[in-house]
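Here are some exercises to work through with the coordinates open beside you. Try each task on your own before reading the solution under it.

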Amino acid sequence: MSILPQHNHYLTRSPTHNPWHRKRIICSATTTPTKPKSSPNQLTFEPQFVTPPNLVTSSSTPPVLNDPSLQSTWSHRTWVATGCTTVLVSLAKAIAGAGDSHIWLEPMLAGYIGYILADLGSGVYHWGIDNYGDGSTPIFGNQIEAFQGHHKWPWTITRRQFANNLHALARTVAFFVLPVDLVCNDPIVNAFVGVLAGCIMFSQQFHAWAHGTKSKLPPIVVALQDVGLFVSRSQHGAHHRQPYNNNYCIVSGVWNEFLDKNKVFEALEMALYFKLGVRPRSWSEPTTDWTEETETASQVAVQ
Ligand SMILES: [Zn+2]
Ligand SMILES: [Zn+2]
């Protein structure tokens, strides 16, 4: 796979106290997966001024208020209903199983672990589709394009109808949770799977609320954001500002500080780059397709 020339941020070992130092070098690089570079010392860079490529293929105009792309279809609603049903069955089996066996602590603990891991999972998934692939990527192409469009027009998520926003994750949840519902009667497993899958499915709703205006959100949502049970508006707002490479988690955001402080995603990006030669989008200068466009007066007027 060849890497197109562009303005890049390369992560390089720094002699200072900071182990991973972000250093800007304007250059081009070409690599192939068949001949992976085995160490940073073997990389050769030829400095040259180049134009950043257009990395995003999404539409150049934002959706309008009643845009069909923001509306729920009956297919969307059916998938969300199916996903919710599989999650509720899992939770109901957990409660029934706990009642029968008089074991409550372990299922509750398993549910809590599911909630914590859902936040981590949302961050890993969000990081992946923010940084790799494009609209033509198999399976994830639509999600990648949607998230890239979201970075350009973040406010549109608040106009997106509920089932439209959740249907893709609901479909995945339904496929994974249904088999568990059918074969598993362990209340601990049911509690873990039900809470994990439910939080993953609703992560896009938590995300939409993180883009909401405090005065327009239900008071209970604001309260849950303020206590940290839902990702906060301020924490997710930082994800939409330069350098666009942090605060990826969108359930509670509890993992964001740890992941960003320890540069976990930057380490994963380095590993993928040296192993596969694939460069994440966050290493490139943000193009106009990635940076946020402000709302026009007419778009504000239709709110
Ligand atoms: Zn993002
Ligand atoms: Zn967002």
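**Exercise 1. Find how K261 and E257 are placed relative to each other in helix 8, and which interaction they form.**

Step 1. This is a predicted model, so treat each value below as computed from it.
Step 2. Locate both residues: K261 and E257 sit in helix 8, four residues apart, about one turn of the helix.
Step 3. Recall the geometry of such a spacing: an α-helix has 3.6 residues a turn, so residues three or four places apart point the same way.
Step 4. Look at the charges. Side chains of opposite charge can pair when their charged atoms come close.
Step 5. Check the distance: the closest N and O atoms of K261 and E257 are 4.0 Å apart, and the two residues form a salt bridge.
Step 6. Add the surroundings. Both K261 and E257 are exposed, and the structure holds one salt bridge.

**Exercise 2. Identify the donors of the zinc ion (ligand 1) and classify the geometry of the site.**

Step 1. List the donors: H126 (NE2), D130 (OD), H151 (NE2) and H239 (NE2) coordinate this ion at 2.0 to 2.1 Å.
Step 2. Read their order along the chain, where the spacing is H-x3-D-x20-H-x87-H.
Step 3. Explain the short x3 step. H126 and D130 are four residues apart in helix 2 (residues 105-131), so about one helical turn separates them.
Step 4. Test the angles. Those among the four donor atoms run from 91 to 166°. Four donors count as tetrahedral if all angles lie between 85 and 135 degrees. The site of the zinc ion (ligand 1) is irregular.
Step 5. Ask about exposure: H126 is buried with a relative accessible area of 1%, and D130 is buried too, at 1% relative accessibility.

**Exercise 3. Which residues hold the zinc ion (ligand 2), and how far is it from the zinc ion (ligand 1)?**

Step 1. Collect the protein donors: H150 (NE2), H207 (NE2), H211 (NE2), H236 (NE2) and H240 (NE2) lie 2.0 to 2.1 Å from the zinc ion (ligand 2).
Step 2. Write their spacing along the chain: H-x56-H-x3-H-x24-H-x3-H.
Step 3. Compare the ends of that pattern. H150 belongs to helix 3 (residues 141-152), while H240 is in the loop between helix 7 (233-239) and helix 8 (256-261), so this pair ties together parts that are 90 residues apart in sequence.
Step 4. Check the accessibility of both: H150 is buried at 7%, and H240 is buried at 9%.
Step 5. Finish with the distance between the metals: the two zinc ions, ligand 2 and ligand 1, are 5.8 Å apart.

**Exercise 4. Describe the largest nonpolar core and say which helix gives the largest share of it.**

Step 1. The core has 12 residues in all, among them V80, L166, V173 and M201.
Step 2. Assign them to elements: helix 1 (74-101), helix 4 (162-183) and helix 5 (187-210) each give two or more residues to this core.
Step 3. Count the shares. Helix 4 provides the largest one, six residues.
Step 4. Zoom in on one member. Beyond its neighbours within four places in sequence, L166 is in contact with V80, M201, F202, Q204 and Q205.
Step 5. Look for another cluster: a second, separate core of 10 residues includes A118, C199, F206 and F230.
Step 6. Follow A118, which is found in helix 2 and is buried at 0% relative accessibility. Beyond its neighbours within four places in sequence, A118 is in contact with L196, C199, I200 and V251.

**Exercise 5. Work out which residues of helix 6 (residues 219-226) are buried and which are exposed.**

Step 1. Find the buried residues: V221, V222 and Q225.
Step 2. Determine their side. They cover an arc of only 100° around the axis, which puts them on the same side of helix 6.
Step 3. Turn to the other side, where P219, I220 and D226 are exposed.
Step 4. Identify what covers the buried residues; helix 5 and helix 7 are included.
Step 5. Step past the end of the element: just after helix 6, G228 takes a positive phi of about 90°.

Notes. Residues are numbered from 1 along each chain as its sequence is written. Chains are lettered from A and ligands numbered from 1 in the order in which they are written. This is a predicted model: local features need pLDDT of at least 70, side-chain atom pairs count only at pLDDT 80 or more; totals for chains, interfaces and linings use all residues. Side-chain values use heavy atoms; hydrogens and water are left out. Donors are N, O and S atoms within 2.8 Å of the metal (3.2 Å for Na, K and Ca); water is not among the atoms, so sites may look incomplete. Four donors count as tetrahedral if all angles lie between 85 and 135 degrees; four count as square planar and six as octahedral if opposite donors are over 155 degrees apart and all others between 65 and 115; anything else is irregular. Buried means under 20% relative accessible area, exposed over 50%, partly exposed in between (1.4 Å probe, protein chains only). A nonpolar core is a set of buried Ala, Val, Leu, Ile, Met, Phe, Trp, Tyr and Cys residues joined through side-chain atoms within 4.5 Å. Contact means heavy atoms within 4.5 Å. A salt bridge is a side-chain nitrogen of Lys or Arg within 4 Å of a carboxyl oxygen of Asp or Glu. The arc is that of the directions from the helix axis to the C-beta atoms.
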